[in-house]
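Open the model in your viewer and colour the chain by secondary structure. The stops below say what to select and what is there.

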Amino acid sequence: GRDYDPFIQSHKSLSRKDMDQSQQITAALKQFLKEKNVTYAMLAQKIRLSEASVKRLFSTSAFTLKRLAQICDALELDIYTLAKMARGSSEKSVELSLPQEKALAQDIKLLTLFHLLLHDWGFKDICNEFAITDAEGIKLLAKLDRLKLIELMPNNRVRMLCPQRFTWRADGPVREKFQPMAMAEYLAGNFAPKSDLLRLEARELSSASMAIIKRKLERIAVEFNELAEIDSSLAIAKRESVGMVLAIRPWVFSIVSALK
């Protein structure tokens, strides 16, 4: 068949089988907006849509070719440059440096502050909600600034210097120190059948089917973060901290393996 070109399409939204490409395009657009300091509200004004509509477009990656061209025109961005950026963004996984992770792993308040700032909490809100005084918080902000994780600005405002979505190092200090504790605590909690979801399925799959399921889980993780980015503009009182665990690995229940 022909090589796939994500832009030689009808004006219909990209189909389900093209979701990987459309998500890469969305990620590239978001990165471009961030680099140019263009907010969703500013883009919405340029293309004469509501801010909520623009956020929904970026959440679902449901761009028509016509809408994508309109956005690129508004941003003075060549559509083929965007395609090149999208291809490049899909090839690399972003991680913090090892010294940055070590510093965060060694100070729980520093890690908490970084996590909240990363997810659009204001400094005042953090100090009001958590056991962090203004003076202590300012010292922590200065430390994050020295670590090049944020740029500290007047009135304790910050500009994040790391991408909102990054991957903790698989064998890094943060995962090593906190992941076993977090997983055990999460799974030991009470799940309400009507509002929560906890399922364990155990079947036999081929390696090809395992790979398919893994890709689907990764897409769910992307959607989870997209929705969180949309909701980050809401007041703190209207948001609830939610934990989601996605996992798949070869596994046999011990009571079954004991019978072998």
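The tour goes from the whole chain to a helix, then to salt bridges, a pocket and a surface patch.

**The whole chain**

Keep in mind throughout that this is a predicted model. Select the protein chain: its secondary structure comes to 12 helices and 2 strands. Followed from the N terminus, the elements run α-α-α-α-α-α-α-α-α-β-β-α-α-α. The chain has 260 residues, and buried residues make up 27% of them.

**Helix H3**

Select residues 51-60, which form helix H3. Its buried residues are Val54, Lys55, Leu57, Phe58 and Ser59. Show the side chain of Lys55, which lies in this helix. Is Lys55 buried or exposed? Lys55 has a relative accessible area of 11%, and because buried means under 20%, Lys55 counts as buried. Add Ala44 to the selection: Lys55 and Ala44 are 11 residues apart in sequence, with their C-alpha atoms 9.0 Å apart. Then step to Ser61, which follows H3 and has a positive phi, near 55 degrees.

**Salt bridges**

The structure holds 6 salt bridges. Three of the pairs follow.

Select Arg169 and Glu95, whose side chains meet in a salt bridge at 3.8 Å, N to O. Arg169 lies in the loop between strand E2 (157-160) and H10, and Glu95 in the loop between helix H5 (79-89) and helix H6 (98-105), so this pair ties together parts that are 74 residues apart in sequence. Arg169 is partly exposed, with a relative accessible area of 24%; Glu95 is also partly exposed, at 39%.

Next select Lys109 and Glu136, which form a salt bridge with their closest N and O atoms 3.1 Å apart. Here the link joins distant parts of the chain, with Lys109 in helix H7 (residues 108-118) and Glu136 in helix H9 (residues 134-146), 27 residues apart. Lys109 counts as partly exposed at 30% relative accessibility, and Glu136 is partly exposed with a relative accessible area of 29%.

Now select Arg199 and Glu201. What is the N to O distance in the salt bridge between their side chains? For Arg199 and Glu201 it is 2.5 Å. Arg199 counts as exposed, at 64% relative accessibility, and Glu201 is exposed with a relative accessible area of 55%.

**The second largest pocket**

Stay with that last pair. Arg199 and Glu201 are among the lining residues nearest the centre of the second largest pocket, together with Leu200, Val245 and Ala247. The volume of this pocket is about 1500 Å³, and 33 residues line it. By class, the lining has 23 nonpolar, 3 polar and 7 charged residues.

Which helices each supply at least two residues of the lining? Select H10 (173-188) and H11 (207-231), which both do so. H11 gives the most, with 5 residues.

**Leu246 and the surface patch**

Select Leu246, in the loop between H11 and helix H12 (254-257). Leu246 counts as partly exposed, at 33% relative accessibility. Add Lys214, which is 32 residues from Leu246 along the chain; the C-alpha atoms of the two are separated by 9.2 Å.

Finish at Leu200, in the loop between H10 and H11. Leu200 is exposed, with a relative accessible area of 66%. Extend the selection to Trp251, Val252, Phe253, Ile255 and Val256: with Leu200, these residues make a nonpolar surface patch of about 600 Å².

Note on methods
Residues are numbered from 1 along each chain as its sequence is written. This is a predicted model: local features need pLDDT of at least 70, side-chain atom pairs count only at pLDDT 80 or more; totals for chains, interfaces and linings use all residues. Side-chain values use heavy atoms; hydrogens and water are left out. On a 1 Å grid over the protein atoms alone, a cavity is a set of points where a 1.4 Å probe fits but cannot get out, and a pocket is an open set with protein on both sides within 12 Å along at least five of seven lines; lining residues have an atom within 4 Å of a point. Grid points are joined across faces, edges and corners, and a volume is the space filled by probe spheres set on the points. Helices (H or I, at least four residues) and strands (E, at least two) are DSSP runs, numbered from the N terminus. Ala, Val, Leu, Ile, Met, Phe, Trp, Tyr, Cys and Pro count as nonpolar, Asp, Glu, Lys and Arg as charged, and the others, Gly among them, as polar. Patches are made of residues with over 30% relative accessible area and no salt bridge: like charges are joined within 9 Å, nonpolar side chains (Val, Leu, Ile, Met, Phe, Trp, Tyr) within 5 Å. Accessible areas come from the Shrake-Rupley method with a 1.4 Å probe; for residues, only the protein chains shown count as cover. A salt bridge is a side-chain nitrogen of Lys or Arg within 4 Å of a carboxyl oxygen of Asp or Glu. Buried means under 20% relative accessible area, exposed over 50%, partly exposed in between (1.4 Å probe, protein chains only).
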